[in-house]
Each structure stands twice: as C-alpha cells, then as structure tokens.
Amino acid sequence: MSERPGNDDPDPTTPDPADAFEELVEAETNRDPDLAVIEAGSRTLRAQAGPPQGDAVPARPADPEVDRALRAVEEELAGRWGETKLDPSVERIVALLDILGSPQRAYPSIHITGTNGKTSTARMIEALLGAFELRTGRYTSPHVQSVTERISLDGAPIAAERFIETYRDIAPYVEMTDTQQEYRLSFFEVLTAMAFAAFADAPVDVAVVEVGMGGTWDATNVIDGDVAVITPISLDHTDRLGETPEQIAVEKSGIIKKDATVVLAQQPVDAASVMLKRAVEVDATVAREGMEFGVLTREVAVGGQMLTLRGLGGEYPEVFLPLYGAHQAHNAAVALAAVEAFFGIGSDHARTLDIDTVRSAFAAVSSPGRMEVVRRSPTVVLDAAHNPAGAQAAAEGVTEAFGFSRLVGVVGASADKDVRGFLEAFEPIFAEVVVTRNSSHRAMDPDDLAAVAVEVFGAERVVVEPRLDDALEAAITLAEEEGEFSGAGVLVTGSVITVGEARLLLGRS
C-alpha cells in the first residue's frame, strides 16, 4: 500500500483540516452515530410565491443559547435506541400519535420507499408541489450534517428554534408512552412524531415522507399515503429486510395502502411482481416507469442535464435538472409522476401540469451530498452512495458528467455494508483510492477496509489514512500531481456520514 503523499503548498484559502477535524470530533463525541446513519387538508397558498429555493444544509445556530438548547435535544434523542437497533413494530409510534391526536391524519401524504434515490426523489416532489403553491412538509433520513435537515417546511430545513419547541411540546407525551411500552420509543420514532406534529402545526397542505428502513414496520407507516412511491430496489440492509430483491420488496410493499396510486420505478422483475401483487390485493392503481411514464431523452448540460420526460398526462420537454447522472433523471421522472398522481392526472384528469411551472421547479432542485461539487482546482465531488447499486450509479454519473483525466477516491464505509461490491463498482474509474473512516462506531476499520481494497485495486493503488482530514488532504495532493489544468478530481463516498463530515471539513456548511 502506498504512503501518504506530501503537500508542501497547501491552499491558503482552505480552512486548516486538522483544526476542523478536531472541532468535528469534539462536536461528535456525545452524539449517537446512529443519528446520522439512518387526510385531506386545506389548499392554503404559500406565503412566498414560486418554488422552494433549494435546501441549504444548516449550520449550527449562531445564537449560543439556541445552540445549547439544540445540543441538549440532540443528546436526549441520542440516549434512545438508534436507527440500527430495531424492534420491528409500529405499536409504540401508534401509541404516541394517538395521545398526540393523530397529527399525521391532518394532511394528505406522499410516501416513499425503495433502496436508492429516496431522498433526491423526495426533494424533487417537494419542489414540484411548492411550485404549484402548496405548503409542503418533507421528512427524510439520514441527514448530511444537521438533524434539523430531516424535517423540512416549505422547502427549507426546520429552524433550530422550531425543532427545539416541537421536541419540548411532545416530550411529556413521549415519556408517558415510554412508561406504557416494553421498550422506550427510539430516536427515529420520536423524530417521526416530531415531523408529523410540526407538519400539522404549520399547517402543511401535503407531507412528503420517506421511510427510514423497509416499509411495513417502519415508523412512518402510520400514514395512509395517497401516493406510494417505490424507488429502485436492490440489496441493502439484508440482515433486516431480506437477502433477495423479492424478499426486500415484500417488506417495502407494506406502504401501499387501499385505493392509493403506486408510482413504481424500474425494478428487478421479481421485486416488481411483489409490488404488483400487493397493489391488486389493496385495489391500488399502478403507474410503471417505462410504461405509463419515463425518461424520453436526456442530454448532459452545463451544471446538470436536459430532459424530456413523459408523465402520466403527456410530455414535458426541455426540463433542466441541476443534478448529475442518469439515475437522477429517472428520479425526476418518478417525482413528476408522483405529483401528477397526487393531482389526479392520469385517472381523473387527462392533461399535463403547467410546463413552465414544472421547469421552474426542477431547475431549483438541490440534493446535498449527491454528486455535489464542493471544491474546484482540483474538483472535489461528494456522493453518499453506500451500496453496490448506488456506487454503480455514482460511477456512471461522475464519468459522464465530469470526464476526469484522473480520479482519486476517498472511501469511508460502514462495516455492515457490501464493501467489496461497492469498491468493485468504482475500480474501473479510480486511479487510486484513499481508505479512511468517519466518526461513527459503525465505521469499518481502515485497515480492514484497506485489505479489501488491496484485493480489488492492488496494493499500489491503495493509500490508508485513518483520519478523514488526512485522507482528504492525501487525495487532493494526488489529484494535484497531474497539474493545475489536468482535469483530475476527487470523489468522496461510502457513507452519508463520511460525506457530511467531509462537507464540514471542506468548508461547506
């Protein structure tokens, strides 16, 4: 394995990675790493005209008192079961929401499950709904940097003050529920209840809700989504969801409710069969990518791609999407079909949505940590891929969009993932790979990760740097060896946690 290359001429405009890393470690010390792992309502007009203006990742609150209060809430949540410690049941969340007056039934919902692409699809759905002047609530996981990202109102993360207030409002009822159950409510269950309560309090016109894991027994599956969205299913969390796409699909199909519309992304045949069978059982309507909707044309464009989408009501030409990769184009088609279905297009109405509004919405979409450029000279791209299917999509996307003359990978993965399959997807495009770890206790030991990497890449292409800040410096130095105008780049990947921490270290907050 290679030694770390030196760097005698660091960029003076870049924050000192060592200092930033120490601050990051200090901030993470008391944080449960699992925090980062994992019906009709009124049609009120949004207070602000136009679609949501992106979804910036929030920094820590500037007010010291607010920051202390937020940290206190984070610590209280961290004292509960993390997202990787599961008791497959919705009994506890149902009990809590009953006490709260079932806030999840105060608005219609679009429910999203699948293996990859859920968060990006949710953001696109949110942007479209907001562009059509609906107040939106979005609940997604995991977060990139701040837990407040998970609950979004009108296209922006909930304010820290409101997050704190929501927690304090429901805390007495959480404690009451804890005393009545065999196990205390988990972190994810409490946060899910917070989201539903915040949405009801806003109030929102529609909630866009991403499952945490699976479907049937996920804490979010207390809603009856008018539209159920199934993004592509592949192998992940096999110890909990099943070892084949078919078995995983059985669990995820649990979000399909009676009389709902199912928007089904392209799937393995056995997974699609499970979904279609479930739809028949509950009398749900199905819209299938490649049949009722899909991507007609796609061209790489500056800063993203130009699409022609076929929706349930017709064609939508010249749609610019400021995200990279064919997988994001397919996510866009799914998101468009979901919003059309929500508005009754394809069943009650035979028409298209206003094309200018659709274009405006997609042009405003952002998805932090998904093929996100955070630095130039050399270009550093972050992508939260963490399983082989996600890695394959990222590899294809970065090759198509950037055409790097030389690409250096920085990989920090979780020990419970298919690391070999993940690395094999990147082997054809990484000139070298720097293996490292993030701050999570679930992170794979760098030496163990290196052993797998050597088998895939060969020892001469593998560099080991246990600290993420050192790994970033090493990768940037390797890329800079090609010269200022060489077209070399760095891709940081392997985990949402790795990407989030790299984002902080590289000064994006």
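**View 1. The outer surface of the predicted model.** About 19700 Å² of the chain is exposed, and carbon and sulfur atoms supply 49% of that area. Now look inside: of the 509 residues in the chain, 59% are buried. As for secondary structure, you can count 17 helices and 17 strands here.

**View 2. Where the predictor is sure, and where it isn't.** Across the chain the mean pLDDT is 85, with 84% of the residues reaching 70 or more. Two stretches call for caution. Over residues 2-15, pLDDT stays under 50, and the model has 21 contacts beyond four places in sequence for them. Residues 20-55 also stay under 50, and for these the model has 109 such contacts.

**View 3. Helix H6 from end to end, residues 160-180.** How far apart should the ends of H6 be? With 21 residues at 1.5 Å a residue, the helix should span 30 Å, and its end C-alpha atoms are indeed 30 Å apart, so the two agree. Check Ala 171 as you follow the helix along: H6 bends there by about 40°. A proline, Pro 172, follows within four residues.

**View 4. The buried side of H6 and its cover.** Which residues of H6 are buried? They are Ala 160, Phe 163, Ile 164, Thr 166, Tyr 167, Ile 170, Ala 171, Val 174, Thr 177 and Asp 178. Here's a handy rule for reading a list like that: an α-helix has 3.6 residues a turn, so residues three or four places apart point the same way. The cover over the buried residues of H6 includes three helices, H3 (64-78), H4 (91-99) and H7 (187-201), along with strand S3 (151-153).

Methods:
Residues numbered from 1 in each chain as written. Predicted model: local features only at pLDDT ≥ 70, side-chain atom pairs only at ≥ 80, totals over all residues. Heavy atoms only, no water. pLDDT = per-residue confidence, 0-100. Contact = heavy atoms within 4.5 Å. Helix = DSSP H or I, 4+ residues; strand = E, 2+ residues; numbered from the N terminus. Buried < 20%, exposed > 50% of the residue type's maximum accessible area, 1.4 Å probe, protein only. Areas by Shrake-Rupley, 256 points an atom, 1.4 Å probe, with all protein chains shown as cover. Expected span 1.5 Å × (residues − 1). Bend = angle between axes of the 7 residues up to and from the residue.
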